[in-house]
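Trainee: I am new to this structure and would like a close look at a single part of it. Could you walk me through the empty spaces and the strands beside them?

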Amino acid sequence: MCTAIRFTSTQGSMYFARNLDWSCSYGEQVVVTPAVVRPISPYGATETLDHPAIGMAIPAGTTPLYYDCANDVGLAVAGLNFPGYARYEEGPVEGKVNVAAYEFPLWVVGKHASVDQVQAELDQVAIVGTTLSPQMPASYLHWIIADETRSIVVEYTDQGMQVFSDGFDVLANQPGFAWHAENLRSYLNVTPNSPVNVQWNGVALEPFGCGGGMRGLPGDYYSPSRFVRAAYLNANYPARETEEENVTRMFRTLEGVSMIDGAARMIDGDFERTIYTGGFSALTNTYYYSTYDDPAIRAFPLGDFDLSGDQLIVAK
């Protein structure tokens, strides 16, 4: 399970972050893909790239299997678990731009400069469940795509390609985005303000302190609850100016929906926890991340890497 957010600074710079929640790591690392890299692309969607990418991925030869990534012009994408709803094509669709599910994040940031550019092409795209190898089955996901202007959610279901404008700048897991957005109407009463003093039968009642206006905000790890809580936190966090303040905002906001070991057992018996939190600053083109076992935030500016080579770069 996962949660993602997007927001902008007081200066309009975008920050984009996500939690990856699961029971274990799959060897993901911070990976840089120079634009001259030639990934394995079954239908040619990412055969050539226009922008370098940086993000969290499993490197497979020259092919990065990105969980989330961003490019040098401030476009970012993250894939979040969407089982039971995602339905990919079994093979290429004639007349469409066929994108394998595993390469969709790279197609977004490697071939485009803005959300507008991506959205203009999505009605011509088919997402295909082709795998890179039998050992790497397709993950059933939906995606949040963001830049400094806005974010959208992309879902490929039995109804085909669906694109939603995401004014909340938040995404969690199943059910679909439209359901999550409608569900927020159940929490119109939630506010950061304290309740006013009242009198019952002439007796004055005062709140114990701040936070009383938040009563009713769900505190569990269920996907609908995380969406509501992330949307509330993201909407009410005061806009900040500096890089340091906004990086703090990314990680503190996602701490509000991070999963603690032992609290939520998966169907297979393992406990789910937040494996890593990753975030991107479009102001400095820097990818930040921390892990469950090491909360220290590490920073990897894209400009620190030599982008002239034709191989993936694993950040150290």
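Mentor: Happy to; here is a walk through the pocket, the cavity and a strand that belongs to this picture.

This is a predicted model, in which local features need pLDDT of at least 70 and side-chain atom pairs count only at pLDDT 80 or more, while totals for chains, interfaces and linings use all residues. Residues are numbered from 1 along each chain as its sequence is written, and side-chain values use heavy atoms, with hydrogens and water left out.

Let us start with the open space. On a 1 Å grid over the protein atoms alone, a pocket is an open set of points with protein on both sides within 12 Å along at least five of seven lines, a cavity is a set where a 1.4 Å probe fits but cannot get out, and lining residues have an atom within 4 Å of a point. Grid points are joined across faces, edges and corners, and a volume is the space filled by probe spheres set on the points.

The largest pocket holds about 850 Å³ of space. It has 32 lining residues, and Y67, P137, A138, S139 and L141 are the closest to its centre. Strands (DSSP runs of E, at least two residues, numbered from the N terminus) take part too: β2 (14-22), β5 (63-71), β6 (76-81) and β9 (141-146) each give at least two residues to this lining. β2 has the largest share, with 4 residues.

Now for the enclosed space. There is 1 cavity of 30 Å³ or more, and the largest cavity has a volume of about 50 Å³. Among the residues lining this cavity are F16, A17, D68, C69, G279 and Y287. Here β2, β5 and β15 each supply at least two lining residues.

That brings us to β15. Strand β15 (residues 273-281) has 9 of its 9 residues buried (under 20% relative accessible area, with a 1.4 Å probe and protein chains only), so β15 is largely enclosed by the rest of the structure. Two strands pair if DSSP finds at least two bridges between them. β15 runs antiparallel to β2, with 8 bridges joining them, and A17 has G279 in β15 as its bridge partner. Both A17 and G279 also line the largest cavity.

β15 is joined to strand β16 (residues 286-291) as well, by 6 bridges in an antiparallel arrangement. There, S281 stands opposite T286 in β16. The hairpin of these strands has 4 residues between them, and N285 takes a positive phi near 50°.

Conventions
Buried means under 20% relative accessible area, exposed over 50%, partly exposed in between (1.4 Å probe, protein chains only).
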